[in-house]
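Subject: Structure for your review

Dear colleague,

Please find below the structure that I am handing over to you. My findings follow it, set out by topic.

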Amino acid sequence: MRSPPLVISAVERDETRAGMARLHDELYASSVPSVSPRACVMGEVAPVVVARFADVPDIDADLGLLTTAELARHGRLVAAADKQAYVAAHILVRECSAELLGAHREDVVIRQRCGRCGAVEHGAPAVADAPGIWVSLSHTRGQVAAVAATRRCGIDVERVSRGPDRALSSREAAWVAGQQDAAYAFTRLWVRKEALVKAGHGSMAAAQRLDVLADNGPADQLGGARITQWEAPGFLGAVAICADRRTGN
């Protein structure tokens, strides 16, 4: 069974399509992020977001679109399933970016650079020559996810599993222990943590301190970020979209 799609946008789809040519021109002409004027809400510029989850076989994975650095990382993977998921995720983030920019996926180049050490072998992904958009991607065997947005964003997809309590706050651990399906409960929290960290909130090295539990369960708002959960049989995912464009944690 194919995974259900998820597309999030602050703009209606027909308006988004009409505004993409202007968005593309504005983003490439200026370092100031822009969106279609019709995306303005109460005097504020609303984020435009394209987020997708997909089964690995559903992605038309063309190795020829990957950069030399991406191909090198792909080559270091051993298992065929990991290689397939890696390529699919890196193609999917191009497709999301292309839709946001009104471009073709073949025109999108994804770069990575570590904000701490400057290495290009790892770090947060970004669209080359498009400073006005942010992207994030995730992959696990069988499933991939990607998001492109005019705000800081993060995305994660995982197989449902029970991780260690050391990744949780004491409050989160107690909540998971009290749930009928502890693996499902843990994964709901974990994908939120991953998505938030990718969007610039906290660090996975301090995952225990990033509490994503609200009074009625896993949070859908935290620290100025909106979180949307996605799920398919055996998998869970989350997308975090920030309210501002600040790039630091």
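With which side chain does the side chain of R73 make a polar contact at 2.5 Å? The partner is Q112, whose side chain makes this contact with the side chain of R73. Please note that the model is a predicted one, and that the distances below are computed from it.

Helix α2 and R73

R73 lies in helix α2, which spans residues 68–76. The side chain of R73 also makes a polar contact with the side chain of Y86, at 3.1 Å. Although R73 is buried, this residue has no salt bridge. The nearest side chain of opposite charge is that of E70, 4.9 Å away; a salt bridge would require a side-chain nitrogen within 4 Å of a carboxyl oxygen.

The buried residues of α2 are E70, R73 and H74. They lie on the same side of the helix, because they cover an arc of only 100° around its axis. The exposed residues T68 and R76 are carried on the face of α2 that is turned away from this buried side. As for packing, the buried residues of α2 are set against α3 (80–101) and β4 (110–113).

Salt bridges

Side chains of opposite charge can pair when their charged atoms come close. In the whole structure, the search finds ten salt bridges. Three of the pairs are described here.

One of them joins the side chains of D82 and R141, with an N to O distance of 2.8 Å. This pair links distant parts of the chain: D82 belongs to helix α3, while R141 sits in the loop between β6 (134–140) and β7 (143–149), and the two are 59 residues apart. D82 counts as partly exposed because its relative accessibility is 24%. R141 is likewise classed as partly exposed, at 42% relative accessibility.

Another joins K198 and D156, whose side chains meet at 4.0 Å, N to O. Here too the pair links distant parts of the chain, with K198 in helix α5 (residues 182–198) and D156 in strand β8 (residues 153–159), 42 residues apart. What is the relative accessibility of D156, and is this residue buried or exposed? The value is 2%, so D156 counts as buried. K198, by contrast, has a relative accessibility of 33% and therefore counts as partly exposed.

The side chains of R105 and E106 meet in a salt bridge as well, at 3.7 Å, N to O. R105 counts as buried, since its relative accessibility is 13%. R105 and E106 also belong to a network of salt bridges that links them with D60 and E95.

The sheet that contains β8

Strands of a sheet pair through backbone hydrogen bonds, either parallel or antiparallel. In this model, four strands form an open sheet in the order β8-β13-β12-β11, and their pairing is antiparallel. The edges are occupied by β8 and β11 (221–222); each has a single partner strand, so one side of each is left without a neighbour in the sheet. Strand β8, at one of these edges, is the strand that holds D156 of the salt bridge with K198.

At the other edge, β11 is joined by two bridges to strand β12 (residues 225–232), and these two strands run antiparallel. Within this pairing, Q221 stands opposite R226 in β12.

Yours sincerely

Note on methods
Residues are numbered from 1 along each chain as its sequence is written. This is a predicted model: local features need pLDDT of at least 70, side-chain atom pairs count only at pLDDT 80 or more; totals for chains, interfaces and linings use all residues. Side-chain values use heavy atoms; hydrogens and water are left out. Buried means under 20% relative accessible area, exposed over 50%, partly exposed in between (1.4 Å probe, protein chains only). The arc is that of the directions from the helix axis to the C-beta atoms. Contact means heavy atoms within 4.5 Å. Lys and Arg count as positive and Asp and Glu as negative; His and the chain ends are not counted. A polar contact is a pair of N or O atoms within 3.5 Å; within protein, one must be able to donate a hydrogen and the other to accept it, and residues adjacent in sequence count only if both atoms are side-chain atoms. Two strands pair if DSSP finds at least two bridges between them.
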